[in-house]
Amino acid sequence: MRTHIALSLLFGASAVFAGTSPLWLTHGEHRFTVSSSESANVVATLTHAPQVPPPIDRKKPAHVVVDIEVKEVVAPIAGDTTYTFWTFGGRVPGQFIRVREGDTVELHLKNAPENKMPHNIDLHAVTGPGGGAPRTFTAPGHQTELTFEALRAGLYVYHCAAAPVGMHIANGMYGLILVEPPEGLPKVDREFYVMQGDFYTAGGYHEKGLQAFDMQKAIDEKPTYVLFNGAEGSLTGPNALHAKVGERVRFFVGNGGPNMVSSFHLIGAIFDRVYREGGTSTETNVQTTLIPAGGAAIVETTMRVPGEYAMVDHSIFRAFNKGAVGTLVVDGDAAPNIYSTQTKDSLWLGSPSAMAPKPSKHDGDAMSSGARVFASTCAACHQQQGQGVARAYPPLAGSDFLMADKDRSIGIVLGGVQGRVSVNGQTYDSAMPPHGHLGDEDIANVLTFARNSWGNSGAPVTADEVASKRASGTPVVKVAQ
């Protein structure tokens, strides 16, 4: 039974009809339709990132029902930092929707009763004013219904467009809807769902506790975080993606914004095929693809060499200083004909020059020699006075971590370090690469310099100590504090 109720809207604004039945509003006549019962051919399978619903094997269009519930939740954004996210489905990004070109989509948007804000949904796959937003304005404790035909194949963003629009998007209200072409997409071995977004917290990067949204930072386009799938670490460590050598992998990549353009890159891989901006035109052999805010792309690559591949926004400070990093772990047999399995490391002192005398290990004492090594190798991150960079690179000046364990410091310079490091009560999560290419005396001198500068005072490090540590093996130091 379907009842039609024509309403004259006094102020021309969207109204909400109380009750338990699904509601939708059509402009023009300002008509609500209340549906007490509804049958559908297909109920859509929705998935949370990074999972993707299975490919559609239907040969004909269908009537597809999509149910999405808006939830306002407090969840971690990075480490001990939490944030109040506004979400489609309880997580960021929203659930992945997969339909076929020609399908009629019946979308039910439900706003959880405990929510504080009204919400709606603008789907870029919709042909019609507002992309569905004017038809789905939904107050807490209510649900609305929108029906549309998926006319064009492609990968499209959907997002909340309730005022203030930028704030709703910045709080995580975005996701992807794939409209497959009638013949479907070419078969691949694995598919993943990745979506980038920029976040604006009142506190600084990694500042602990529940953080509020900062409107001024958003207006100034100065994000605190730029993240994949709504949280730092969402695609690294135990959350890393996995594939095997020989498999063809497809990434459905979106950019919710609200401000930043993504330079999506998989370090060590070349995209065999890119569906540019989520459309049907393709490019081949692409290194990095641009994804605008409110846009998407489909990228594919065949994994030929095992190992860990970092996916990043190649606006690179966003990756290493704002969180836009993920990992794809590829298992399988080595391919030495494609990528060498061994590394040769030998000393290189530079080309001979009449302007520069040959270096001598007897040239100056340990402190002056160490100062030169520090200036050329270490100062870019730790800064000239050893003060480091707040929330990015730990200080060496007055460092309790540096001075606590001389042997550990030698190991870190030789093999690098990974993990969260606590220095003077502050936590840092930036990895340090190995510097084993430096000679034993250079490493000894630079550590002696650091351990006796900027207020530090400690025993010198000798070249023999470095040589002994090198001989015992120099794996990456993994710190858990």
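In this predicted model, helix α7 (residues 440-450) packs against helix α8 (residues 463-471) at an angle of about 120 degrees, and their axes lie 8 Å apart. Why quote those two values? Two packed helices are described by the angle between their axes and the distance between the axes. The crossing of α7 and α8 is right-handed.

If you would like to find the contact on screen, look on the α7 side for Asp440, Glu441, Ile443 and Ala444, which meet Ala463, Val466, Ala467 and Arg470 of α8. Sorted by character, the residues of this contact comprise five nonpolar, no polar and three charged.

Now let us turn to the strands. Six of them form an open sheet with mixed pairing, and the order across it is β15-β13-β17-β22-β19-β20. Which strands sit at the edges? They are β15 (225-228) and β20 (282-286), each of which pairs on one side only. From one strand to the next, the twist averages 20 degrees.

Inside this sheet, β19 (residues 271-275) and β22 (residues 295-302) run antiparallel and are joined by three bridges. A handy landmark here is Tyr275, which stands opposite Ile298 in β22.

Aromatic rings are the next thing to explore: a search of the whole structure finds 14 aromatic pairs. A pair of aromatic rings is described by the distance of the centres and the angle of the planes. Here are two of the pairs, with those values:

| Pair | Geometry | Centre to centre | Angle between planes |
|---|---|---|---|
| Phe85 and Phe199 | edge-to-face | 5.8 Å | 80 degrees |
| Phe228 and Phe264 | edge-to-face | 6.1 Å | 75 degrees |

What does the pair of Phe85 and Phe199 tie together? Phe85 belongs to strand β6 (residues 81-88) and Phe199 to strand β13 (residues 190-199), so their pairing links parts that are 114 residues apart in sequence. Are Phe85 and Phe199 buried or exposed? Both are buried.

The other pair in the table brings us back to an edge of the sheet, since β15 is one of the edge strands. Phe228 lies in β15 and Phe264 in strand β18 (residues 262-266), so this pair ties together parts that are 36 residues apart in sequence. Phe228 is buried, with a relative accessible area of 1%, and Phe264 is buried with a relative accessible area of 1%.

Phe228 and Phe264 also have aromatic company: together with Phe192, Phe251 and Phe271 they form one aromatic cluster.

How values were computed:
Residues are numbered from 1 along each chain as its sequence is written. This is a predicted model: local features need pLDDT of at least 70, side-chain atom pairs count only at pLDDT 80 or more; totals for chains, interfaces and linings use all residues. Side-chain values use heavy atoms; hydrogens and water are left out. Two strands pair if DSSP finds at least two bridges between them. Helices (H or I, at least four residues) and strands (E, at least two) are DSSP runs, numbered from the N terminus. Axes are lines fitted to C-alpha atoms, for helices over the stretch in contact, and angles run from 0 to 180 degrees between N-to-C directions. A crossing is left-handed if the near helix is turned anticlockwise from the far one by less than a right angle, and right-handed if clockwise. Contact means heavy atoms within 4.5 Å. Ala, Val, Leu, Ile, Met, Phe, Trp, Tyr, Cys and Pro count as nonpolar, Asp, Glu, Lys and Arg as charged, and the others, Gly among them, as polar. Rings of Phe, Tyr and Trp (its six-membered ring) pair if their centres lie within 6.5 Å; planes under 30 degrees apart count as stacked, over 60 as edge-to-face and the rest as tilted. Buried means under 20% relative accessible area, exposed over 50%, partly exposed in between (1.4 Å probe, protein chains only).
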